[in-house]
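Please open the model in your viewer and keep the selection tool at hand. The tour below moves from one selection to the next and says what is found at each stop.

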Amino acid sequence: MRFGVTLRSIGTASEWTAKCRAAEQLGYDVITVPDHIGGTAPAPFPAIAAAAAVTERIKVGTLVLNVPFHNPALLARDVAATVQLSGGRFELGLGAGHMKAEFDDAGLPWQDLPTRLDYLTTTITDVRRRLEAVDVEMPPLLIAGHSKGVLRIAAEHAQIVGFAGLKPKPGAEPGIWRLATEAELAERVAFHADLNRSTESNMLIQDVVVTDDKRAAATEWAGLAESTVDAILEAPQLLIGTEHQIIDRVHELRDRFGFTYFTVFEPAMERFAPILEALRQPG
């Protein structure tokens, strides 16, 4: 199994260096950066290049780029430079875009899903062609999303498929999500597996709660997610329980869904580290 952490803010240069080195020292395999606008959201490529520069072993990547934000020619230039600066430790994560508010903030047109899927496909093809033209190897490609259209593209083009366990909230503006149920996530995992069983599967864990009282922690999440306690305890995108219970749950998610690459958010980086270490032990 592989384990990643996604970092969502830079702080100062020294703070960024310390976070990246801590991730490597804690045993994580990949540092990823998302692609959002507003607040403290970092620009992905400078942050990734800096992460690679201050670490030695750990891979770096995007989880994931909002492809409609990017011109394919300019994206190919950024990818080529990052492959070179990282010494080949870069993994390229792409998505079709999903938050209308960010498009509005950037002054970019919000387009329907089929149009965004077409743009994702043509961008992959164009970036690959441009990298070949300058003799730069295409980095491993992760494509993440929940729609069947994105999962079809992942099955055709990607080495890694990413699941976040989120579904559009009915009646809400695009980009407002709810937690997918265990059954809903299982259906999408099976849909992709029927198309391509050789793809590595990533699960973006929404939260890690280490506790002796699972139901109390799940009750808090149930209120936030407008769900039931039992549904929260079953949710594959949440890890709740003692360290031993979470270890067992990760093994269960691997065996049931085929997830072999797990990513946590920065706030969970240190508390998940002992679990990560235990999961690496033989047996």
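Before you select anything, note that helices and strands here are DSSP runs, numbered from the N terminus, with at least four residues for a helix and at least two for a strand. Keep in mind, too, that this is a predicted model.

**First stop: the second largest pocket.** Select R178, L179, A180, A225 and S227, which, among the 19 residues that line the second largest pocket, lie nearest its centre. The space in this pocket comes to about 440 Å³. Now add strand 9 (177–179), helix 7 (182–195), helix 8 (214–225) and helix 9 (229–234) to the selection, since each of these elements supplies at least two residues of the lining. If you colour the lining of this second largest pocket by class, you will find 11 nonpolar, 3 polar and 5 charged residues.

**Second stop: the largest pocket.** Move next to the largest pocket, whose volume is about 890 Å³. Its lining has 40 residues, and the ones to select are H98, G145, A164, L166 and W177, which are the closest to its centre. Two or more residues of this lining come from each of strand 4 (65–66), helix 5 (113–133), strand 7 (160–163), strand 8 (166–168) and strand 10 (200–204). Coloured by class, the lining of the largest pocket shows 20 nonpolar, 13 polar and 7 charged residues.

**Third stop: strand 13.** Keep strand 10 on display and add strand 13, because the next step is to look at how these two strands pair: they do so in the parallel sense, over 4 bridges. Within this part of the model, N202 stands opposite Y261 in strand 13. Then select strand 1 (residues 2–6), which runs parallel to strand 13 and is joined to it by 5 bridges; here G4 has T263 of strand 13 as its bridge partner. Is strand 13 mostly covered or mostly open? Strand 13 (residues 259–265) is mostly covered, with 6 of its 7 residues buried.

**Last stop: the cavity.** Keep Y261 selected and add V30, T32, G61, T62, L63, E91, L92, G93 and L142, and you will have the lining of the largest cavity. The volume of this cavity is about 50 Å³, and the structure holds 1 cavity of 30 Å³ or more. Which strand gives the largest share of the lining? Strand 5 does, with 3 residues, while strand 2 (30–33), strand 3 (59–62) and strand 5 (90–95) each supply at least two. By class, the lining of the largest cavity divides into 5 nonpolar, 4 polar and 1 charged.

How values were computed:
Residues are numbered from 1 along each chain as its sequence is written. This is a predicted model: local features need pLDDT of at least 70, side-chain atom pairs count only at pLDDT 80 or more; totals for chains, interfaces and linings use all residues. Side-chain values use heavy atoms; hydrogens and water are left out. On a 1 Å grid over the protein atoms alone, a cavity is a set of points where a 1.4 Å probe fits but cannot get out, and a pocket is an open set with protein on both sides within 12 Å along at least five of seven lines; lining residues have an atom within 4 Å of a point. Grid points are joined across faces, edges and corners, and a volume is the space filled by probe spheres set on the points. Ala, Val, Leu, Ile, Met, Phe, Trp, Tyr, Cys and Pro count as nonpolar, Asp, Glu, Lys and Arg as charged, and the others, Gly among them, as polar. Buried means under 20% relative accessible area, exposed over 50%, partly exposed in between (1.4 Å probe, protein chains only). Two strands pair if DSSP finds at least two bridges between them.
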